[in-house]
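Okay, thanks everyone. I'd like to walk you through the inside of this one, meaning its empty spaces and what packs around them.

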Amino acid sequence: MTSTASVPPIHHRTVTVRGHAIFYREAGPADAPVLLLLHGFPTSSHMFRDLIPRLADTYRLIAPDHLGFGLSAAPADAFPYSFAELAALTGEFTETLGLDRFAIYVQDYGAPIGLRLALAHPERITAVVTQNGNAYEEGLGAEAWAPVLALIADRTPETEAPVRAIRSLDGIRWQYETGVPAAYRDLLSPDAWHHDAALMAREGQDGIQLDLIADYGSNLALYPAFQEWFRASRVPLLAVWGEGDEVFVPAGAEAFRRDLPDAEIHLLPTGHFALETHAPRIAELIGDFLERRVGKGTGA
């Protein structure tokens, strides 16, 4: 792990993919094994701010903001917002950077995006780290998913309304705080949800985010394909999961063992955004896992 005396710098860069500006954070040696960090809703690469310095002495960390999120471009009408398109764009992003072998860290939306990358180019994926990144129906929290499933089934003004509230300041704060025990609550930085809420309030976000949430059913339909890839590839997989998450519940973490008996599962006493409270522990688990299961000599 990286000592505080020698923290590698984090670079903040932008690259153009399909004419769209994609912002990303990068740290670590250029010739080190690559870990591609794929964030979820409603955040951005900002969620990896405490993780990147802890791994950057050994790995090359690359964390893009998905189109429509964070500091990447968010064209309202010039991009068809779907998970298939975001995954394809992410694939083109990796090719633009010359990445041909990498492990993926996936959280929330990052999971279907990263796993779609794996289906398209399985030879490129060295390992999967999933932090509350789901691939099984039993991982869907019933109460949290009820309004989303209603929207997927029938998109109307009535089904859009409760889903629209998810990206409000209160809705975003709920995702950060829910399931975090009192002992860890004061580790949560309010900066995180205010940062997300400010970017989610940009012009055009209402339509962008509703389109993506309405398209989430396409990810559920791919769960069997993701699971078949797990079985066929035997990809090394580490699940570091906030056990208090009500969006993607712990059963989703345990389910990986059904298709990957050697999956390493760690349930942590926190919520959906586990890095907010447990970045040091997650960094330790990732470093140990990648060294044992992938090695230090495999990368882009």
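Let me start with how the elements are named: helices (H or I, at least four residues) and strands (E, at least two) are DSSP runs, numbered from the N terminus. This is a predicted model, so I should say that local features need pLDDT of at least 70, side-chain atom pairs count only at pLDDT 80 or more, and totals for chains, interfaces and linings use all residues. Residues are numbered from 1 along each chain as its sequence is written, and side-chain values use heavy atoms, with hydrogens and water left out.

Right, cavities. On a 1 Å grid over the protein atoms alone, a cavity is a set of points where a 1.4 Å probe fits but cannot get out; a pocket is an open set with protein on both sides within 12 Å along at least five of seven lines, and lining residues have an atom within 4 Å of a point. Grid points are joined across faces, edges and corners, and a volume is the space filled by probe spheres set on the points.

We get four cavities of 30 Å³ or more. The largest has a volume of about 70 Å³. Which helix gives the most to its lining? That's α2, with four residues. The lining includes I22, H66, L86 and F93, and by class there are six nonpolar, two polar and one charged residues (Ala, Val, Leu, Ile, Met, Phe, Trp, Tyr, Cys and Pro count as nonpolar, Asp, Glu, Lys and Arg as charged, and the others, Gly among them, as polar).

The second largest cavity comes in at about 40 Å³. Here α5 (157–164) and α9 are the elements giving two or more residues, and α9 gives the most, with four. Three of the lining residues are charged, next to four nonpolar and one polar. Q209 is one of them. Q209 sits in helix α9 and is buried, at 1% relative accessible area (buried means under 20%, exposed over 50%, partly exposed in between, with a 1.4 Å probe and protein chains only). Leaving out residues up to four places away in sequence, Q209 touches F41, G68, F69, Y109, R167 and M200 (contact being heavy atoms within 4.5 Å).

Now, F41, F69 and Y109 turn up again, in an aromatic cluster that also has F83, W145, Y216 and F248. Rings of Phe, Tyr and Trp (its six-membered ring) pair if their centres lie within 6.5 Å; planes under 30 degrees apart count as stacked, over 60 as edge-to-face and the rest as tilted. The whole structure has 18 such pairs. Take F83 and Y216: centres 5.4 Å apart, planes at 85°, so edge-to-face. That pair links distant parts of the chain, with F83 in helix α2 and Y216 in the loop between α9 (205–214) and α10, 133 residues apart. F83 is buried at 0%, and Y216 at 2%.

On to the open space. The largest pocket holds about 420 Å³, and 19 residues line it, with A144, V148, I166, W174 and V247 nearest its centre. α4 gives the most, five residues. Of the lining, 14 residues are nonpolar, two polar and three charged.

Last, the packing. The largest nonpolar core has 69 residues, and F93, F230 and F256 touch the most other members (a core is a set of buried Ala, Val, Leu, Ile, Met, Phe, Trp, Tyr and Cys residues joined through side-chain atoms within 4.5 Å).
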